[in-house]
Protein chains: 4
Amino acid sequence: MANVTIWNEYRHEREDDDVAAVYPDGIHETIADGLAGDETDRDESHGHDIRTATLDEPTHGLPDDVLESTDVLLWWGHEAHDEVSEAVVDRVQQRVLEGMGLIVLHSGHYANPFKRLMGTSCSLQYREDGATERLWVVDPGHPIADGLGESIELQQTEMYGEPFDVPEPDRLVFVSWFEGGEVFRSGCCYRRGSGRIFYFRPGHETYPIYENADVRRVLRNAVDWAAPTEGAPRTFGERE
Amino acid sequence: MANVTIWNEYRHEREDDDVAAVYPDGIHETIADGLAGDETDRDESHGHDIRTATLDEPTHGLPDDVLESTDVLLWWGHEAHDEVSEAVVDRVQQRVLEGMGLIVLHSGHYANPFKRLMGTSCSLQYREDGATERLWVVDPGHPIADGLGESIELQQTEMYGEPFDVPEPDRLVFVSWFEGGEVFRSGCCYRRGSGRIFYFRPGHETYPIYENADVRRVLRNAVDWAAPTEGAPRTFGERE
Amino acid sequence: MANVTIWNEYRHEREDDDVAAVYPDGIHETIADGLAGDETDRDESHGHDIRTATLDEPTHGLPDDVLESTDVLLWWGHEAHDEVSEAVVDRVQQRVLEGMGLIVLHSGHYANPFKRLMGTSCSLQYREDGATERLWVVDPGHPIADGLGESIELQQTEMYGEPFDVPEPDRLVFVSWFEGGEVFRSGCCYRRGSGRIFYFRPGHETYPIYENADVRRVLRNAVDWAAPTEGAPRTFGERE
Amino acid sequence: MANVTIWNEYRHEREDDDVAAVYPDGIHETIADGLAGDETDRDESHGHDIRTATLDEPTHGLPDDVLESTDVLLWWGHEAHDEVSEAVVDRVQQRVLEGMGLIVLHSGHYANPFKRLMGTSCSLQYREDGATERLWVVDPGHPIADGLGESIELQQTEMYGEPFDVPEPDRLVFVSWFEGGEVFRSGCCYRRGSGRIFYFRPGHETYPIYENADVRRVLRNAVDWAAPTEGAPRTFGERE
């Protein structure tokens with residue numbers, strides 16, 4: 001039972017008819033539906049409390065009390081990364097170090113909270129060709145892979161290719177194969193401070209990726225995995 | 001709710017009066033008591049089904065059906081590592097790769113299942129001096145540290161010193177300080193196949209280490225951490 | 001200037017005309033040629049002392065004095081892994097822990113020295129379809145990638161697919177894309193004891209993989225990377 | 001033969017007589033002497049080209065052409081971390097991602113280039129008590145440990161204690177034991193982008209730590225380890 005906040009830039013859906021056709025209520029609402037589960041795939045353990053927040057709300061929908069009470073934050077952004085205030089980026093980073101889980105989606109690789117926590121450029125290669133992607137489970141024992149088959153297939157997607165300029169993941173869960181000839185480390189686990197971070201590649205705004213049952217299962221698993229545990233004291237400073 | 005099997009060599013306790021005075025029913029029974037919890041420290045989430053097994057039982061108490069139905073195996077051994085049959089070592093290794101958790105205690109660093117899974121000598125330095133050990137939590141966000149303070153203090157213990165010839169841990173949770181001047185990586189997490197492995201240093205047979213409340217808490221946390229998750233298929237061999 | 005020993009099972013080449021056509025003097029000789037470099041690609045720093053050894057020589061060509069004086073051992077085997085004596089497997093493992101580098105090639109994923117050092121099954125999926133493989137450099141800063149382009153392309157090869165049951169690599173250098181739809185972690189770095197281990201996937205016996213200039217470059221780089229450094233004492237046992 | 005730049009805040013030495021007594025020409029000059037080697041300990045392979053730079057020089061002594069031509073940068077700072085301009089911090093980070101080595105010393109754990117690259121708070125505990133520290137080599141096979149004994153002893157030093165809020169190191173080389181009862185991960189290796197980073201704990205300004213022969217050896221080894229290799233292209237952006 002985690003408190004989940006889904007953050008979405010929520011610009012494409014309001015500016016572009018093609019995107020609105022795919023995500024009429026915004027990507028955040030589709031993700032929220034997926035986290036809630038559905039009848040054919042409902043899992044008792046996923047009864048999370050789910051909120052959404054978007055860029056153009058006051059404080060981007062992430063005032064201190066929201067972040068303070070968030071166990072796991074999902075982040076989707078693309079064209080307006082630099083409109084997120086430094087104060088909110090600071091606070092997200094701080095909350096992750098304190099234990100909040102962070103799940104970064106697709107073009108969120110360039111989001112400032114993610115770049116801040118990685119310490120690298122988070123650059124990659126890409127091609128918007130609408131070709132097939134297959135995400136292979138390279139770590140079948142990982143809880144984020146619970147209930148999946150050997151791979152996830154997405155018929156149409158944007159390609160992301162290596163090199164992906166991130167620190168070596170603590171744990172690599174998925175590697176993508178792309179029809180056009182590239183590969184990508186598509187599911188990367190990190191811990192920073194007491195917080196768990198999961199980068200998950202799928203999710204372009206012009207394809208209904210977040211309606212895919214396997215993608216939804218991954219997001220539910222990732223929320224369970226990223227939720228904070230109790231831990232021991234993080235006490236710093238001068239000792240007697 | 002995991003099925004836990006505590007394996008103990010159970011020789012010292014029957015051969016040596018000093019050890020019998022500390023662990024009259026065997027180290028395994030004291031560990032079992034600790035896993036069950038006690039009134040001042042009971043935690044609802046620790047309602048595991050606990051069995052014990054010892055070296056001198058038939059098949060060392062670990063016939064196939066026991067291993068098959070074990071979620072987490074704890075292992076304490078010291079003077080008779082080589083009396084454990086190759087068949088049982090093989091089967092323990094296989095079960096870990098399939099997902100069974102393995103918690104290796106103290107002198108179990110030289111147990112054949114552990115050496116097999118590590119691929120190294122697992123050698124270390126030691127001195128049986130009964131001096132103080134302090135285990136520092138170096139990873140306060142790890143679930144194995146849940147509910148601990150900043151360190152665990154053991155008044156009298158055998159010293160283990162570096163170098164410890166194991167692969168770099170996936171995650172280092174504890175580092176020990178010893179009164180005599182040494183340090184040791186005392187809590188080391190690994191994954192092999194789908195199985196989680198935790199090596200935990202404390203536990204000499206002549207000191208009542210497994211009655212220490214913090215040590216018991218670590219073992220309970222470690223059982224929760226090491227329990228298998230569902231995962232994805234581990235399918236190997238020829239593809240069409 | 002490392003002392004390099006190239007070990008080859010050397011059975012396919014003597015039993016199968018198709019293999020003999022590709023590797024008339026044995027895979028080991030072709031690898032040796034590649035390590036020596038050639039005129040268009042010669043690098044002053046690769047002046048290693050190169051020996052070969054094969055399964056059917058006495059002690060498999062690896063008596064103690066050869067292993068003792070080997071800095072980096074390359075290993076190619078396929079159909080006769082279990083004919084390698086336990087004594088030689090033990091000694092190779094021991095030498096790696098002491099600092100000898102080990103480069104394991106292709107079907108050597110099932111070689112006993114590699115399985116021994118990994119502690120896992122080292123299983124994978126495969127398909128002998130002679131289709132195209134592209135190895136992407138996912139870690140451009142790694143010395144094993146020195147002088148490569150963004151990927152290596154092999155026109156015809158056997159496919160290896162995930163999951164690959166090995167411990168999470170310390171460092172992942174290559175990920176392969178296969179024409180048939182699979183991916184594979186094709187270049188995996190490990191340290192065990194003081195020794196460096198590199199698993200490199202390419203190398204089927206019916207394709208002239210070891211004549212490829214990029215593959216040869218990787219092997220030369222890997223030898224440089226795996227050569228032992230001086231280090232500090234590995235002292236184990238009782239301390240005063 | 002690396003181009004080495006030693007950066008020092010160089011304030012304590014000019015402001016405080018006690019510090020000036022230990023490091024009359026500045027910590028950077030003492031480190032430079034150590035890198036150059038001395039007669040009893042000279043090693044032919046350490047013929048680096050060494051420069052120094054300090055905070056109060058224009059552009060902190062690190063204009064673009066200096067950073068551009070630096071292979072390995074050492075960094076000592078303490079009381080004026082926030083006086084380093086964002087532009088220089090940005091450029092140091094960028095250069096590390098491109099391959100420049102970075103060696104961060106002692107109180108440099110709070111330097112902005114290090115925090116930027118780690119993505120964490122880099123906080124720790126400390127006590128300035130002038131007691132003994134013993135740095136144990138926990139990874140005897142690491143090149144940074146070349147030529148050391150099993151530990152390094154410093155008679156008087158400031159204590160740093162866990163938890164140390166950094167990402168799990170790629171490789172942990174040293175763990176410190178402190179007379180007062182604490183431990184610390186004192187030698188931590190990271191890679192970020194194509195650059196190698198080494199954090200090394202010893203170095204308080206009121207003790208002649210950088211005159212210690214073992215500390216000097218570690219710094220020389222670390223420079224060799226951190227020097228860039230050739231690598232493969234880091235090409236990002238849109239693909240055809």
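Tutor: Let's start with a term: a salt bridge is a side-chain nitrogen of Lys or Arg within 4 Å of a carboxyl oxygen of Asp or Glu. This is a predicted model, in which local features need pLDDT of at least 70 and side-chain atom pairs count only at pLDDT 80 or more, while totals for chains, interfaces and linings use all residues. Residues are numbered from 1 along each chain as its sequence is written, chains are lettered from A and ligands numbered from 1 in the order in which they are written, and side-chain values use heavy atoms, leaving out hydrogens and water.

Student: How many salt bridges does that rule give over all chains?

Tutor: Side chains of opposite charge can pair when their charged atoms come close. Here the count is 82 over all chains. One of them joins Asp64(B) and Arg91(B), at 3.8 Å from N to O. That pair links distant parts of the chain, 27 residues apart, with Asp64(B) in helix H4 (residues 64–68) and Arg91(B) in helix H5 (residues 86–98). Helices (H or I, at least four residues) and strands (E, at least two) are DSSP runs, numbered from the N terminus.

Student: Which residues of chain A are linked in a network of salt bridges?

Tutor: The network takes in Asp64(A), Glu68(A), Arg91(A), Arg95(A) and Glu98(A).

Student: And which pair crosses between chains?

Tutor: Look at Asp139(D) and Arg191(C), whose side chains meet at 2.8 Å, N to O. The pair runs from the loop between strand E5 (125–137) and strand E6 (151–161) of chain D to strand E8 (residues 183–192) of chain C.

Student: Are Asp139(D) and Arg191(C) buried or exposed?

Tutor: Buried means under 20% relative accessible area, exposed over 50%, and partly exposed in between (1.4 Å probe, protein chains only). Both Asp139(D) and Arg191(C) are buried. Glu86(D), by contrast, counts as exposed at 51% relative accessibility.

Student: How do I check a helix such as H5 of chain A against its expected span?

Tutor: The expected span is 1.5 Å times one less than the number of residues. For the 13 residues of H5(A) that should be 18 Å, and the end C-alpha atoms are 18 Å apart, which agrees. Buried residues in H5(A) include Val88(A), Val92(A) and Val96(A). Just after the helix, Gly99(A) takes a positive phi of about 135°.

Student: What turn lays chain C on chain A?

Tutor: Copies are superposed by least squares on the C-alpha atoms of residues with pLDDT of at least 70 in both. A turn of 180° with a shift of 0.0 Å along the axis lays chain C on chain A, with an RMSD of 0.0 Å. The two copies are thus related as by a two-fold rotation axis.
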